[in-house]
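Welcome, and thanks for taking a look at this one with us. Please have the sequence and the 3D view open side by side as you read.

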Amino acid sequence: MKYAQENIKPYNGNGEKKEQVEQMFNNIAPTYDSLNHTLSLGIDKSWRRKAVNTLKSFQPEKILDIATGTGDFAILMEKKIHPKKIVGIDISEGMMQIARKKVVKEELTPIISFAKEDCAALSFSDCSFDAATVAFGIRNFEELDKALKEIYRILNKNGHLIILELSTPKSFPMKQLFSIYSKVVLPLIGKIISKDRSAYTYLPKTIQAFPQGEVMKEIIAQTGFKEVSFKRLTMGICTLYTATK
């Protein structure tokens with residue numbers, strides 16, 4: 001099943017989505033962490049912990065953290081799982097510059113490294129990693145099917161995929177509250193703090209447009225993954241997907 005992806009872009013213009021997403025994250029990188037925690041009321045930290053605890057049971061030694069952003073998820077995995085190696089990749093150098101500073105401060109440079117990579121054309125060899133993670137970034141992928149195939153390729157046999165992504169609640173009253181929050185509150189706060197209203201108008205649109213629940217589970221399974229499952233968190237605001245190669 002090929003996912004017919006909506007071509008939602010952060011900015012007006014003719015540039016490719018990937019280029020615009022890179023520009024957007026470079027623009028908002030300095031305020032990204034504080035905005036994330038503010039906009040989620042700090043709940044995003046508990047979602048990350050849940051995802052890491054799920055992965056911890058498999059004890060992976062080599063982890064690829066895709067759309068690593070400012071490195072919070074990679075650092076959390078190092079502290080909780082203690083793998084031998086974590087490679088964080090992203091298309092935004094602005095985000096990874098912040099991530100590198102955090103890793104130096106935490107004295108984790110022997111374990112965690114960062115590289116600019118296109119998730120739809122990874123430079124890593126087949127079967128290079130025990131696990132791959134994507135926390136709050138997969139909905140920005142321009143070519144979801146290609147990216148999932150690449151993730152499948154670089155994983156070892158029985159390697160694990162963990163995806164953490166925002167989603168739209170289905171039940172009253174959270175569905176209605178989330179709609180107001182994402183369409184009104186989030187863009188306003190985003191504009192005030194990051195000075196980039198387009199970014200925080202674009203991001204809620206991607207949540208609504210991105211495949212969720214059973215649909216996303218089927219897309220992952222069609223790539224070849226087995227044991228695909230998902231769990232809705234905080235009344236459906238976030239969804240945790242797990243799969244095995």
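The notes below go through helices, aromatic pairs, single residues and backbone details. Please keep in mind that this is a predicted model. A good place to start is helix α6, which has a kink of about 40° centred on Tyr-181. From there we move to helix α8, whose buried residues line one face because they fall within an arc of 95° seen down the axis.

**Helix α6, the kinked one**

- Helix α6 runs over residues 174–194, and its end C-alpha atoms are only 26 Å apart, where a straight helix of 21 residues would span 30 Å at 1.5 Å a residue.
- If you follow the helix along, you will find the kink of about 40° centred on Tyr-181.
- The buried residues of α6 are Met-174, Phe-178, Ser-182, Leu-186, Pro-187, Gly-190 and Ser-194.
- These buried residues have two packing partners to look at, α1 (17–39) and α7 (197–209).
- Just past the end of α6, Lys-195 has a positive phi of about 65°.

**Ser-182, inside α6**

- Ser-182 is part of helix α6, and it counts as buried because its relative accessibility is 10%, with the cut-off for buried set at under 20%.
- The Ser-182 side chain comes to 3.2 Å from the backbone oxygen of Ser-179.
- Setting aside residues up to four places away in sequence, Ser-182 touches Pro-187 and Pro-204.

**Arg-197, in the next helix**

- Arg-197 sits in helix α7 and is partly exposed, at 39% relative accessibility.
- Beyond its neighbours within four places in sequence, Arg-197 contacts Pro-187, Leu-188 and Lys-191.
- Arg-197 and Pro-10 make a nice long-range pair to display: 187 residues separate them in sequence, while their C-alpha atoms are 9.6 Å apart in space.

**Helix α8 and its buried face**

- In helix α8 (residues 214–222), the buried residues are Met-216, Ile-219 and Ile-220.
- Viewed down the axis of α8, the buried residues lie within an arc of 95°, so they line one face of the helix.
- As a reminder, an α-helix has 3.6 residues a turn, so residues three or four places apart point the same way.
- The buried residues of α8 pack against four elements: α5 (144–154), β5 (155–166), β6 (226–233) and β7 (238–244).
- Just after α8 comes Gly-224, with a positive phi of about 125°.

**Aromatic pairs**

- Searching the whole structure turns up five aromatic pairs.
- One of them joins Phe-25 and Tyr-32: the ring centres are 6.1 Å apart and the planes meet at 75°, so this pair is edge-to-face.
- Phe-25 and Tyr-32 are both buried.
- Tyr-152 and Phe-225 also form an edge-to-face pair, with 5.1 Å centre to centre and 90° between the planes.
- Because Tyr-152 belongs to helix α5 and Phe-225 to the loop between α8 and β6, their pair ties together parts that are 73 residues apart in sequence.
- Tyr-152 is partly exposed at a relative accessible area of 25%, whereas Phe-225 is buried at 4% relative accessibility.

**Thr-244, in strand β7**

- Thr-244 lies in strand β7 and is buried, with a relative accessible area of 7%.
- A polar contact of 3.2 Å links the side chains of Thr-244 and Glu-227.
- Apart from neighbours within four places in sequence, Thr-244 is in contact with Asn-158, Gly-159, His-160, Phe-225, Lys-226 and Glu-227.

**Backbone details to check in the loops**

- Phe-172 and Pro-173 are joined by a cis peptide bond, with omega about 5°, and Pro-173 is in the loop between β5 and α6.
- Glu-107, a residue other than glycine, has a positive phi near 60°.
- You will find Glu-107 in the loop between α4 (93–105) and β3 (112–116), where it is exposed at 67% relative accessibility.
- Cys-127 is not a glycine either, and its phi is positive at about 55°.
- The place to look for Cys-127 is the loop between β3 and β4 (129–135), and at 43% relative accessibility Cys-127 is partly exposed.

Methods
Residues numbered from 1 in each chain as written. Predicted model: local features only at pLDDT ≥ 70, side-chain atom pairs only at ≥ 80, totals over all residues. Heavy atoms only, no water. Expected span 1.5 Å × (residues − 1). Bend = angle between axes of the 7 residues up to and from the residue. Buried < 20%, exposed > 50% of the residue type's maximum accessible area, 1.4 Å probe, protein only. Contact = heavy atoms within 4.5 Å. Arc of directions from axis to C-beta. Polar contact = N/O pair within 3.5 Å; in protein donor to acceptor, adjacent residues only side chain to side chain. Phe/Tyr/Trp six-rings, centres within 6.5 Å; stacked < 30°, edge-to-face > 60°.
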